[in-house]
Amino acid sequence: MGAHETGLVDGHEVVAILDFGSQTAQLIARRIRDAGVYAVLVRPDIPADELRGMNPKGIVLSGGPASVFAEGAPACDPAILELGVPVLGICYGMQLACRILGAHVEPGEHREFGRASLDICDTSDLFASVPDRTTVWMSHGDQISELRSAGMVTIARTGSCPHAAVRDRDRGFWGVQFHPEVTHTPHGADVLRNFLYDICGCAGTWRMSSYAEEQAEAIRERVGDGRVICGLSGGVDSAVTAALLHRAIGDQLSCVFVDTGLLRQNERELVERTFRDHFAIDLRVVDASEAFLADLAGVVDPQEKRRRIGHRFIEVFREAAESVKGAEFLAQGTLYPDVIESGHGYAGKSAGIKLHHNVGGLPEDLPFELIEPLRELFKDEVRRLGEVLGVPEAMVWRHPFPGPGLAVRILGDVTPERLRIVRECDEIVLEEIVAGELYRKTSQVFAVLLPIQSVGVMGDGRTYEHAVAVRAVETQDFMSADWARIPYEVLGRISTRIINEVRGVNRVVYDISSKPPATIEWE
């Protein structure tokens, strides 16, 4: 369901963000939503008439990697600046709009990247309550060199950027050369709030609780008396999807959970306890662990592991889905970043549906109509929605888990014995991370069974046993990540417990690789 189908645009004040390819365009949307206003990303060439139909309270033109002088550089409909709706241009968006309004843009003498000191000339609207001198984050090569318009004035500057922020009140345009959406701009949130509340006149009525009720009503209207199947993975996205559907249609929902035999310790029990006991949902658990392990016997190539697991999952899920009589809809936990990446924004390009699942992509020929109730949310918003819906904290804040499960945390052959080892190690790692109050401070933490053995000494005897790597990362978006600086005393407890408690392990190492160049998972 797109935003126009859910009533979010019609039922709430909305700010539209034209995405010119900025790496932080989604971050602009998050900052606006955090301020209590619903924001959607739209394609940069959206016609002004289509934008007018959204009835936006404000419009933001995002930054972007291109130069406004480059051939094929993205542009917008100039009529957007004549809609009578306040427009905020950020970096590239500022340069583009200023050119349309008659200003002169040219390459700067020096590319400005990183922190810069901003001197504010006017604190009457966009910079209200912001210090006269503040730090901002810059990332640009081109800049405004001459305004050339009687109505356009400079409201802030830096030492190398004479028009770091401009305003044209008559035409309802404000522009900033810096990035207010990033945390490196300390008063960036204040700038955005001033635009939303003082300039656009927003009331700030966007709340996650209202989203839950509106989405539930939209689901009820769409499904009618039909039945919906939801595939559960044990992760937060599918869990919140199921909880929202259950609030909307109750016992018209059936959930399918496939036990691949590659799960974390007690994962199946957690899913059953949460959805069968806590929510009283019709949960169909399929134990296909023997089939998955048979498929993996002797397979060491990680891509072949993934292929075989995905193929088996499709077969198992299809058979389980066919057992739910009268099912017409299939629900999945697609998030807003998935939508944007595959060109399905509010006015995005038409493309085939990209199905996501914890194990592998489900086939497009499944005879169901797709429901994606989280497709307008970011990961942190999904967690907040889960709290609103009463999903237990242990599941709402659970770290991500790879689709192929522990199979890609075992380097080499996947056997019941090697699964036992990595599962027990992983449980100890997580227990100590939780005990050290580090779970919410880290993004993903796990153990990896390495394909080597090493010599050790236990008591008076020589051992030749497995080595285990511990991986812990911190990240905002999982596109890049840094290794977590876990305190030595916590690492010490993890190592001691694994070697003492897990039969077959005599060595523990810590992975201090960042992404890139390494990936988060080892396979």
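At what angle do helix H8 and helix H13 pack, and how far apart are their axes? In this predicted model, helix H8, spanning residues 236-249, packs against helix H13, spanning residues 379-388, at an angle of about 45°. The axes of H8 and H13 are 10 Å apart. That angle makes H8 oblique to H13, since angles from 35 to 65 degrees are neither roughly parallel nor roughly perpendicular. The crossing of the two helices is left-handed. On the H8 side, the contact is made by Val-236, Asp-237, Val-240, Leu-244 and Arg-247. H13 contributes Lys-379, Val-382, Arg-383, Leu-385, Gly-386 and Val-388. By class, the residues of this contact comprise six nonpolar, one polar and four charged.

A second helix pair is formed by H15 (residues 416-435) and H16 (residues 488-501), which pack at an angle of about 150° with their axes 9 Å apart. Angles over 145 degrees count as roughly antiparallel, and H15 is therefore roughly antiparallel to H16. H15 passes H16 in a right-handed crossing. The residues of H15 in the contact are Glu-424, Cys-425, Ile-428, Val-429, Glu-431, Glu-432 and Ile-433. Those of H16 are Val-490, Arg-493, Ile-494, Arg-497, Ile-498 and Glu-501. The contact of H15 with H16 has seven nonpolar and six charged residues, and no polar residue.

Aromatic contacts were also examined. The structure holds seven aromatic pairs. One of them joins Phe-20 and Tyr-92, whose ring centres are 5.4 Å apart. The planes of these two rings stand at 50°, so the pair is tilted. The pair links distant parts of the chain, with the two positions 72 residues apart in numbering. Phe-20 lies in the loop between strand E1 (14-18) and helix H3 (25-34), whereas Tyr-92 belongs to helix H5 (residues 92-100). Phe-20 and Tyr-92 are both buried.

Another aromatic pair is made by Trp-206 and Tyr-211. Here the centre-to-centre distance is 5.6 Å and the angle between the planes is 80°, an edge-to-face arrangement. Trp-206 and Tyr-211 are both buried. These two residues also belong to a cluster in which ring pairs link them with Tyr-38.

Conventions: Residues numbered from 1 in each chain as written. Predicted model: local features only at pLDDT ≥ 70, side-chain atom pairs only at ≥ 80, totals over all residues. Heavy atoms only, no water. Axes fitted to C-alpha atoms, helices over the stretch in contact; angles between N-to-C directions. Helix = DSSP H or I, 4+ residues; strand = E, 2+ residues; numbered from the N terminus. Parallel < 35°, antiparallel > 145°, perpendicular 65-115°, else oblique. Left-handed = near helix turned anticlockwise from the far one by under 90°. Contact = heavy atoms within 4.5 Å. Nonpolar A, V, L, I, M, F, W, Y, C, P; charged D, E, K, R; others polar. Phe/Tyr/Trp six-rings, centres within 6.5 Å; stacked < 30°, edge-to-face > 60°. Buried < 20%, exposed > 50% of the residue type's maximum accessible area, 1.4 Å probe, protein only.
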